[in-house]
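Thanks for coming, everyone. I have one model to walk you through, with its strands, its interfaces and its salt bridges. Please look at the screen.

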Protein chains: 4
Amino acid sequence: MTASSNEFPIPDRMRAWVLGGPEELVFTEKPVPQPGPAEVLVRIDAVAICATDLEIISHGVPAKIGGGLPFNKNFTPGHEYMGTVVKLGPTVDEYGIGERVTVEVHAGCGRCERCRQGMYTSCLNYGEPQKGHRANGFTTDGGFAQYAVNHVNTLVHVPDDMTDEEATLVVTAGTSMYGLDVLGGLIAGEGVVVSGPGPIGLLGVAVAKALGADPVILTGTRDARLELGKRLGADHVVNIRREDPVAAVRRLTAGRGVHFVVECSGAPEAMNQSAQMVNRGGRICLAAFPHAPAEVDIAQIVRNNIYVYGIRGEGQSATHRAMALMKQKRFDAKLIHTHTFPLDQLPTALKYARERIEDAIKVVVKMPR
Amino acid sequence: MTASSNEFPIPDRMRAWVLGGPEELVFTEKPVPQPGPAEVLVRIDAVAICATDLEIISHGVPAKIGGGLPFNKNFTPGHEYMGTVVKLGPTVDEYGIGERVTVEVHAGCGRCERCRQGMYTSCLNYGEPQKGHRANGFTTDGGFAQYAVNHVNTLVHVPDDMTDEEATLVVTAGTSMYGLDVLGGLIAGEGVVVSGPGPIGLLGVAVAKALGADPVILTGTRDARLELGKRLGADHVVNIRREDPVAAVRRLTAGRGVHFVVECSGAPEAMNQSAQMVNRGGRICLAAFPHAPAEVDIAQIVRNNIYVYGIRGEGQSATHRAMALMKQKRFDAKLIHTHTFPLDQLPTALKYARERIEDAIKVVVKMPR
Amino acid sequence: MTASSNEFPIPDRMRAWVLGGPEELVFTEKPVPQPGPAEVLVRIDAVAICATDLEIISHGVPAKIGGGLPFNKNFTPGHEYMGTVVKLGPTVDEYGIGERVTVEVHAGCGRCERCRQGMYTSCLNYGEPQKGHRANGFTTDGGFAQYAVNHVNTLVHVPDDMTDEEATLVVTAGTSMYGLDVLGGLIAGEGVVVSGPGPIGLLGVAVAKALGADPVILTGTRDARLELGKRLGADHVVNIRREDPVAAVRRLTAGRGVHFVVECSGAPEAMNQSAQMVNRGGRICLAAFPHAPAEVDIAQIVRNNIYVYGIRGEGQSATHRAMALMKQKRFDAKLIHTHTFPLDQLPTALKYARERIEDAIKVVVKMPR
Amino acid sequence: MTASSNEFPIPDRMRAWVLGGPEELVFTEKPVPQPGPAEVLVRIDAVAICATDLEIISHGVPAKIGGGLPFNKNFTPGHEYMGTVVKLGPTVDEYGIGERVTVEVHAGCGRCERCRQGMYTSCLNYGEPQKGHRANGFTTDGGFAQYAVNHVNTLVHVPDDMTDEEATLVVTAGTSMYGLDVLGGLIAGEGVVVSGPGPIGLLGVAVAKALGADPVILTGTRDARLELGKRLGADHVVNIRREDPVAAVRRLTAGRGVHFVVECSGAPEAMNQSAQMVNRGGRICLAAFPHAPAEVDIAQIVRNNIYVYGIRGEGQSATHRAMALMKQKRFDAKLIHTHTFPLDQLPTALKYARERIEDAIKVVVKMPR
């Protein structure tokens, strides 16, 4: 019932990085997985490294839901990958062998209340693959390997003129897009602050500008990143080491504040600052979080009818919308790709990402071919 | 251009409570106000006391927006009133003289961006009556007087068989209704926790049950209030002095948590508890707030795709929906009305409300007639 | 991997009605089906007859999507059934053996764009069971048999104190509920017209009233049905043989019209009448349709900013909300149940339903036990 | 209380075109109007001609609501104008004297149920200026004159580098934008058909493409217009004289159809064709309408869960979003501007627009200065 092709011969075993204990990654061999119904086998061509990968490798999956920690379980991390469809599970006709695809993380179980509502990133069977849930690189095997299985829902076609490296950035852009989606979608001409110039924040700037937000204001601490934000579409940048970001936003908006904040910094004071940046009835998307509880002025939120949306990852098929913008070259996501290493040098790649060596932003691992 | 009737003769001056300095209320005389276009003059028949009245009298308007503090400005507080239309401003035909009406607080300016979106409780001209904004009892004169002016948008018809006292409770029920509205509306069969059995919480229970929520769980510290919650529709009540409310909610929902929390307690730990009571993708309405910043576990909100909605007062014409349920006797709001005093005994009424003398919940001031 | 119990022994073969050519139903034997992953086997206890069953038996599935007509395919119709879970497919723990359940029709494929949005009744793989889609009684085997397989998404628990017959009505009430959901949900105090007092219309009246709509106006041609509508909550009924329904609605609403129409008659003139019954910005749900194209005054829709929502069946898990109201006894759905026959007398039952013998409304087929 | 400036001296009387009987426009004098609270006086600099202007001049206001026909009432038509703020009504500080502004049509009354919901284009007091409603050029005086009064809600700032002519097109683009808004907003990567290459359709193509829709398909009968559609962003154009538009859309979308149709042709068959172009769950915006009732296959709408949104004009402040895109040069609206005449040659300008002389699309009338 599965379909494959001579053009893409599939070995029985593959090279893969496997997580032992915390921070113990071993480059080893394991069987090539098999796609089930509604699934395909993807030959991985490139993988980008996300800060969450570093977190998973060191501390485990953030949600700690279902199945516990990923250590010593023959688990392969890596969730920002792209590649080539090489085998189709039973009944699959949505994709064809040889097609280039990039992936998103969440395949909901399809059988819980949230999935039935279309809220698959809030799947109530998170971490229970036997019930159909997959979050590749989180709770099921991911992309630091030669092959991975993906549910068809988690694939996006890659256009011919897009490089492998750029295609790995689609899931990041999809998260940024989703953050703007939950804020309501109608952002043309509205003020948007993005706080934190990490990859999601930088592409948040790009997506907001592509959709016509005006002004787009980026706040952060590193001038190089802020400059990059300008190239991606920020109308204004604010280095919060030099100016209070709330005051700056008020200054840049003639005292009115903005309608929307996408909080990507995870700084402890960011929630309160966001609530002071928006005007009455404004909305805040929290796409990052501090490691410890933070002091929050709840009264500010209540008195001003502010709505706050926590998001984890890229829901509502936002990845497809992000790809649509990238395919139409509305912004140059490649600007955030800084380094490339071959698969066997993953530890070096992770080190570059973690320590921001040579101002690394997105570090990509390529499969030698 | 204004219309009045011999049946309701209107004096030039009226008796009114006027706020001097903090906590200085004086029963005095001032001119009867005149309704402008789209406004009517209401002869006040009854006024309920809200905790926010006590706050305003002691500390000023919570929002501190526009026009500053209300002290020594010839200001009359009181916002939960009802009465009889006795005079129509120019062009008014929406209401007729002699009709009984109850009121809601917010008349937006109608000319800012938020008002144009229908978000009049987030009016950007809050506190600027010259631009058309009114929040009677907050920023414009309220109901502890014989007469008040209301924009037609802030009126609701009172059915013949509803007492004056019950009609004063409509704005409270409207706030509860609005809290459920912002959570998305489709609550039949969904679990709802209401935390805090004050008037908004108790009527929140009543409205949630009237709309078919199941189970409705009320948490609080006072058994008498919790018992009242049961009579208003709570399926379960939890005295948080005796049981951890998060554990209780998990126990009562077979571990699943609820979809919605309406937070009406303003307790510092309520935000975190709410985030632990909802399941992934759950929603929290904050209808109260603590007096100081609170420690919030933001990661819990982000990881679980939780949305948090701050609300102040009763938007989206929720008061009309609340009245529709009350008119159809879907719940007995009168259960929260405990005491009645004549207008000239307002200080005693306020004391009962503030100190909860004789288990006072809603204390109503009636006009002698 | 499947689980069953000695308490509910399952035979290999079962009695089932099978559709040959149009209107050729044969009572025969066929194998008891097996539940797959996320599916259960339901022992059918009662089935209600829907007008669509008559349509399917005579003319085939209305949508004519996927797999073509159901004739001579060993197909068993019947979609409004309830029963007892007797076997669990692999991984199922959402339901337990021996639990009473009622069903809804649509299990989307879970892998198309619409299912991923939560719009499973708009599944783009409608009629392709190999891809996971099921519409029992439409494109997969239904309930005029002793057993049927259901995806867990299509089940609703039946409370102990609800009869089998009443439980078969939940899917009808769910359709009515869904019709109101798509209209926006906030209907307390708003005017709702339901046109057409068939089962969906009658329960539409009941659900609208349960949620606080006011007034609820039912239009139709048969006085007995209209009287029943009053017992289910209609504030006003209009016999359109005696009064023009548009004029009547205007009369009953002081000229203002209503906000919402749920069109359940399928009459050719209903679309235009609905558009004249709503006020500017009003909304119409089309839950029925005429057999031939109808003349529509599109200008009326455009000039007045009217929105029209076609719905087929019961989406957004509305069946759960309908059950929540029925469980809480907010209306008496049993009023529309008029006749009961044993399974082997299905042709008689269908005849009663088709010809409305003895004023039949809902005719139920019970399994002898 | 009103404010003016010596820089912009305002005469007592002005030149204005006034509508006598049908098609009787007279260039005459009348008093310069005075702005009231929340209003400004605009010195008109340019006006574009809309097909609805021709309709109003020949047949009256389409809605025929409130106040009846505009003939022989000293009425000045023209609603797509722009100009300079020259006088501020009482309390106005939202705009300053000398600022360039363009306008939108609808100022709701601010006191009916719809306005309070933010649905001001569905104002229930449409055509009742004494209650605050204004639709300049429809029910209140418009722009074929030297001056007009506008509510601040109906103004949009014009950037310095935008010509007067381009600024007159913002209200058209705003209507196109609103059409896409009501379809749900998230259109990046989704297929959109625009039927009818009139000004709203052509700018509908431009806005859809600017927001990332893909593919954008334009259907029509005139090749020159379709070519223009390509320059504005259409990925495909279909001349329906040469190819059946439904077949063409299926062909261009690999048989899947599109998610959204914006119907701008008003052709009698357009409703049915639209319903066949969308996939299940698709949405159709009707921004135009045929002059006579049309045959509609309602079953197609119901069976496929299609939603249909009638819109009249530009709601939800869409004009601001359209201006934001135009200001950021996301499309070149000027492409649809073909002819310019001075104010005193309005009849010639109207003739060009009506008869499409020299392929006229948007004909603009400029004020000599």
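In which sense do strand β14 and strand β15 of chain D pair, and over how many bridges? They pair in the parallel sense, over five bridges, with β14 at residues 258-263 and β15 at residues 278-286. Strands count as paired if DSSP finds at least two bridges between them. Strands (E, at least two residues) and helices (H or I, at least four) are DSSP runs, numbered from the N terminus.

Some ground rules. This is a predicted model, where local features need pLDDT of at least 70 and side-chain atom pairs count only at pLDDT 80 or more, while totals for chains, interfaces and linings use all residues. Residues are numbered from 1 along each chain as its sequence is written, chains are lettered from A and ligands numbered from 1 in the order in which they are written, and side-chain values use heavy atoms, with hydrogens and water left out.

Back to chain D. D:Phe260 stands opposite D:Arg283 in β15(D). Helix α8 of chain D, residues 270-277, packs on the sheet. This helix touches β11 (192-195), β12 (216-220), β14, β15 and β17 (307-310) of chain D. Its direction makes about 145 degrees with that of β15(D). For angles, axes are lines fitted to C-alpha atoms, for helices over the stretch in contact, and the angle between N-to-C directions runs from 0 to 180 degrees.

Now the sheet across chains C and D. It is open, has twelve strands, and shows mixed pairing. The order is β13(C)-β12(C)-β11(C)-β14(C)-β15(C)-β17(C)-β17(D)-β15(D)-β14(D)-β11(D)-β12(D)-β13(D). Its edge strands are β13 (236-239) of chain C and β13 (236-239) of chain D, each pairing on one side only. Neighbouring strands are turned by 15 degrees against each other on average, direction ignored.

Next, chains A and B. Each gives 45 residues to the contact, meaning heavy atoms within 4.5 Å. Together they bury about 3900 Å², 55% of it on carbon and sulfur atoms. Buried area is the accessible area (1.4 Å probe) that two parts lose on being put together, summed over both. A:Arg280, A:Ile298 and A:Arg303 supply 18% of the area that chain A buries against chain B, more than any other three residues. β17(A) and β17 (residues 307-310) of chain B pair in the antiparallel sense over three bridges. There, B:Tyr307 is the bridge partner of A:Tyr309.

How many salt bridges are there between chain A and chain B? Zero. The rule asks for a side-chain nitrogen of Lys or Arg within 4 Å of a carboxyl oxygen of Asp or Glu.

Turn to chains A and C. Here 22 residues of chain A contact 22 residues of chain C. They bury about 1600 Å², 33% of it on carbon and sulfur atoms. A:Arg111, A:Arg116 and A:Asn153 supply 50% of the area that chain A buries against chain C, more than any other three residues. This interface has eight salt bridges. C:Lys131 and A:Glu94 meet in a salt bridge at 3.6 Å, N to O.

Last, the whole model. Over all chains the count is 92 salt bridges. In chain B, the side chains of B:Glu39 and B:Arg134 meet in a salt bridge at 3.8 Å, N to O. This pair links distant parts of the chain: B:Glu39 sits in β4 (residues 39-48), B:Arg134 in β8 (residues 134-135), 95 residues apart.
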